[in-house]
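Biologist: I'm new to this one, so could you walk me through it and tell me how you know each thing you say?
Modeller: Happy to; let's put it up first.

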Amino acid sequence: MNIFAVAMASIAFFAVGAIWYGVLFGKAWQRETGITEAPHGAQVGKIMVLTLAFEMLVVLMLEHTIARTGASDRAIMMIAIGFGLSIMTPAIGINYLHQRKSLTLFLIDAGHFVVGMALAGAVLLSLR
């Protein structure tokens, strides 16, 4: 298992989130969640550190799956995008249905997971 690749892929996933929830969909996401003010002080650090840690856990599982299966280059991208589309997206979809969240919020968040996983897969692939 390539821990350096996992770290770099996790940082890439994190960067997708920064762009996704910043310039791309920040205002729409805030409107859909009802969040009107940014977190302050230690709360920001806690959110960012835990976000990176959770993303690292996901990428670690992705790398583990790749390593255990001996996946080809093409299969690596299929697995990475498949994680986003068939595991992460339905999981948030189930929660959002019960929480009665909007379709717009679901599409924003699901899109982040799919794009983030695709980039994480590409980074893992490039560092093989």
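Biologist: How do you know that the length of H3 agrees with what its 28 residues should span?
Modeller: At 1.5 Å a residue those 28 residues should cover 40 Å, and the end C-alpha atoms of H3 sit 41 Å apart, so the two agree. Keep in mind that this is a predicted model.

Biologist: And what follows H3?
Modeller: Gly70 comes after H3, and its phi is positive, near 65°.

Biologist: Which residues of H3 are buried, and what do they pack against?
Modeller: The buried ones are Glu55, Val59, Leu62, Glu63, Thr65 and Ile66. They pack against H1, H4 and H5.

Biologist: What makes you say that Glu63 has no salt bridge?
Modeller: A salt bridge needs a side-chain nitrogen of Lys or Arg within 4 Å of a carboxyl oxygen. For Glu63, the nearest side chain of opposite charge is Arg128, at 6.9 Å, and Glu63 is buried without a salt bridge. Leaving out neighbours within four places in sequence, Glu63 is in contact with Met1, Asn2, Val6 and Leu124.

Biologist: How do you know that Glu55 has no salt bridge?
Modeller: Use the 4 Å cut-off again. Lys46 is the nearest side chain of opposite charge to Glu55, and it is 17 Å away, so this buried Glu55 has no salt bridge. Not counting residues up to four places away in sequence, Glu55 touches Ser10, Phe13, Phe14 and His112.

Biologist: Why is Met1 called exposed?
Modeller: Exposed means over 50% relative accessible area. Met1 has 54%, so the word applies. Met1 is in the segment before helix H1 (3-24).

Biologist: Which residues make the nonpolar surface patch?
Modeller: Met1 is one of them, together with Ile3, Leu50, Phe54, Leu57 and Leu60, and the patch is about 610 Å². Helix H3 (residues 42-69) gives the largest share of that patch, four residues.

Biologist: Why is Arg100 called exposed?
Modeller: Its relative accessibility is 75%, and the cut-off is over 50%, so Arg100 counts as exposed. You'll find Arg100 in the loop between helix H4 (73-99) and helix H5 (103-126).

Biologist: What is the phi of Arg100?
Modeller: Near 55°, a positive value in a residue other than glycine. Most residues other than glycine have a negative phi.

Terms used: Residues are numbered from 1 along each chain as its sequence is written. This is a predicted model: local features need pLDDT of at least 70, side-chain atom pairs count only at pLDDT 80 or more; totals for chains, interfaces and linings use all residues. Side-chain values use heavy atoms; hydrogens and water are left out. Patches are made of residues with over 30% relative accessible area and no salt bridge: like charges are joined within 9 Å, nonpolar side chains (Val, Leu, Ile, Met, Phe, Trp, Tyr) within 5 Å. Accessible areas come from the Shrake-Rupley method with a 1.4 Å probe; for residues, only the protein chains shown count as cover. Helices (H or I, at least four residues) and strands (E, at least two) are DSSP runs, numbered from the N terminus. Buried means under 20% relative accessible area, exposed over 50%, partly exposed in between (1.4 Å probe, protein chains only). The expected span of a helix is 1.5 Å times one less than its number of residues. Contact means heavy atoms within 4.5 Å. Lys and Arg count as positive and Asp and Glu as negative; His and the chain ends are not counted.
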